[in-house]
Amino acid sequence: MKIFGIDYDQTYSDDPELFDAFIKIARSRGHHVVIVTFREETQPINVEGIEIFYTAGKHKAPYMRSIGYEPDIWIDDYPELIGDTRGRDAL
């Protein structure tokens with residue numbers, strides 16, 4: 001099982017139908033998919049049936065690592081906001 005972290009703005013939001021289909025297929029194959037956004041919780045996202053993490057302006061990978069939940073695969077239009085992924089365990 002892999003964890004996929006999908007950005008919201010200019011990624012999921014640009015083609016929700018495509019990403020909903022991807023999420024459905026990924027889940028059917030045993031993967032877990034979440035949305036990880038640079039937004040603050042005061043700028044809520046309304047996507048039904050998916051867990052959403054708000055990093056409040058923090059780099060995504062270190063933030064997710066700090067809460068003990070790090071995606072294996074990132075889908076993001078602005079990868080610079082993901083930050084350092086070197087904290088992941090070696091394969």
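Here is a quick tour of the sheet, the helix and the nonpolar cores in this structure. Keep in mind that this is a predicted model.

**The sheet**

Let's begin with the strands. Four of them form an open sheet in the order β3-β2-β1-β4, and the pairing is parallel. From one strand to the next, the twist averages 25°. Who stands at the edges? β3 and β4 do, each with a single partner strand, so one side of each has no neighbour in the sheet.

Here is how the strands pair up, with one pair of facing residues for each pairing:

| Strands | Sense | Bridges | Residues standing opposite |
|---|---|---|---|
| β1 and β2 | parallel | four bridges | Ile 3 and His 32 in β2 |
| β1 and β4 (residues 73-75) | parallel | three bridges | Gly 5 and Trp 74 in β4 |
| β2 and β3 | parallel | four bridges | Val 36 and Phe 53 in β3 |

**A look along β1**

In a regular strand, side chains alternate between the two faces of the sheet. Now look at β1: Ile 3 and Gly 5 point one way, while Phe 4 and Ile 6 point the other way. All four of these residues are buried.

**The helix**

To get from β1 to β2, the chain passes through α1, and this β-α-β crossover is right-handed. α1 lies across β1, β2 and β4. Relative to β1, α1 runs at about 170°.

**The cores**

Which residues have the most contacts inside the largest nonpolar core? They are Tyr 12, Val 33, Ile 35, Val 47, Ile 50 and Ile 52, in a core of 14 residues. At least two residues of this core come from each of β1 (3-6), α1 (16-28), β2 (32-37) and β3 (51-54). The largest share belongs to α1, which supplies three residues.

Ile 50 is a handy residue to click on. Setting aside neighbours within four places in sequence, Ile 50 is in contact with Ile 23, Arg 27, Val 33, Val 34 and Ile 35. Two of the names in that list, Val 33 and Ile 35, also appear among the core residues with the most contacts.

Apart from this core lies another one, made of seven residues, including Val 34, Val 36, Met 64 and Trp 74. Some of these names have already come up: Val 36 stands opposite Phe 53 in β3, and Trp 74 in β4 stands opposite Gly 5. Val 34, for its part, is one of the residues in contact with Ile 50.

Terms used. Residues are numbered from 1 along each chain as its sequence is written. This is a predicted model: local features need pLDDT of at least 70, side-chain atom pairs count only at pLDDT 80 or more; totals for chains, interfaces and linings use all residues. Side-chain values use heavy atoms; hydrogens and water are left out. A nonpolar core is a set of buried Ala, Val, Leu, Ile, Met, Phe, Trp, Tyr and Cys residues joined through side-chain atoms within 4.5 Å. Buried means under 20% relative accessible area, exposed over 50%, partly exposed in between (1.4 Å probe, protein chains only). Contact means heavy atoms within 4.5 Å. Two strands pair if DSSP finds at least two bridges between them. A crossover is right-handed if, with the strands pointing away from the viewer, the path from the first strand over the helix to the second runs clockwise. Axes are lines fitted to C-alpha atoms, for helices over the stretch in contact, and angles run from 0 to 180 degrees between N-to-C directions.
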